[in-house]
Amino acid sequence: MRQRLLGYVAGMLALFAAGSPHAEEVGEVSTDWLGNDLKVEAISDPKIAGVTCHVTYFERGLIDRVQQGNWFEDPSNSSIACRQTGPITIGDIDLDEDGEEIFSARRSLIFKTLVVNRIYDKSNDTLIYLAHSREVQKGSAKMSISTVPLFAANATWSEGKPK
């Protein structure tokens with residue numbers, strides 16, 4: 001019975017800890033002997049070729065989960081850095097001020113998700129990437145931002161540059 005319960009818990013943890021299909025884990029740094037890690041994932045913007053974002057987040061280990069009494073949730077903390085990694089080609093992106101979600105990954109079993117939104121700042125010709133936590137009950141003020149200026153990037157717009 002105990003092994004079955006541990007197997008169930010491990011399976012649930014793997015389910016919500018998995019990243020988005022278009023994220024690739026490129027690094028993992030252990031922070032302590034409890035099994036807590038910092039994960040680094042590379043995220044390609046699905047509508048903008050030539051831009052890669054690296055998101056770092058904290059993943060709690062099993063011992064820490066037992067000690068904290070919270071099996072199904074990781075902290076909301078995250079960091080993001082986005083850069084031009086090739087020729088930039090911009091597809092049909094959302095130009096509204098709230099932008100467009102390009103990535104999400106569960107940080108708890110049900111209630112919390114790590115999200116990356118892209119916003120286009122037309123007046124400064126800059127892409128803004130915002131990493132934040134979305135929660136069902138209470139929002140989190142923990143966020144991180146990165147920008148990719150387009151003025152010298154020779155970016156190509158597949159639908160024509162917005163006027």
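Which residue in strand 4 is the bridge partner of T56? Select T56 and then S79, which is that partner in strand 4.

**Before going further**

This is a predicted model, in which local features need pLDDT of at least 70 and side-chain atom pairs count only at pLDDT 80 or more, while totals for chains, interfaces and linings use all residues. Residues are numbered from 1 along each chain as its sequence is written, and side-chain values use heavy atoms, with hydrogens and water left out.

**Whole chain**

Colour the protein chain by secondary structure: there are 2 helices and 9 strands, in the order α-β-β-β-α-β-β-β-β-β-β along the sequence. Helices (H or I, at least four residues) and strands (E, at least two) are DSSP runs, numbered from the N terminus. Show the surface next; the accessible area is about 9,400 Å², with 54% belonging to carbon and sulfur atoms. Accessible areas come from the Shrake-Rupley method with a 1.4 Å probe, and for residues only the protein chains shown count as cover. Of the 163 residues, 40% are buried. Buried means under 20% relative accessible area, exposed over 50%, and partly exposed in between (1.4 Å probe, protein chains only).

**Strands 3, 4 and 9**

Select residues 48-59 and 78-90, strands 3 and 4, which pair in the antiparallel sense over 9 bridges. Two strands count as paired if DSSP finds at least two bridges between them. Now add strand 9, which runs parallel to strand 4 and is joined to it by 2 bridges. To find this junction, pick T89, which stands opposite T156 in strand 9.

**V116**

Move to strand 6 and select V116. V116 is buried, at 1% relative accessibility. Its contacts (heavy atoms within 4.5 Å), leaving out residues up to four places away in sequence, include I43, V55, I80, F103 and L130. For a distance check, use V116 and I145: they are 29 residues apart in sequence and 9.3 Å apart in space, C-alpha to C-alpha. Across the protein chain, 52% of the contacts between residues at least 6 apart in sequence join residues at least 24 apart.

**Two positive phi values**

Go to the loop between strand 6 (112-121) and strand 7 (126-135) and select D125. Its phi is near 50°, a positive value in a residue other than glycine. Is D125 buried or exposed? D125 is buried, with a relative accessible area of 13%.

Finish at N154, in the loop between strand 8 (143-149) and strand 9 (156-157). N154 also has a positive phi, about 50°, although it is not a glycine. N154 counts as exposed, at 72% relative accessibility.
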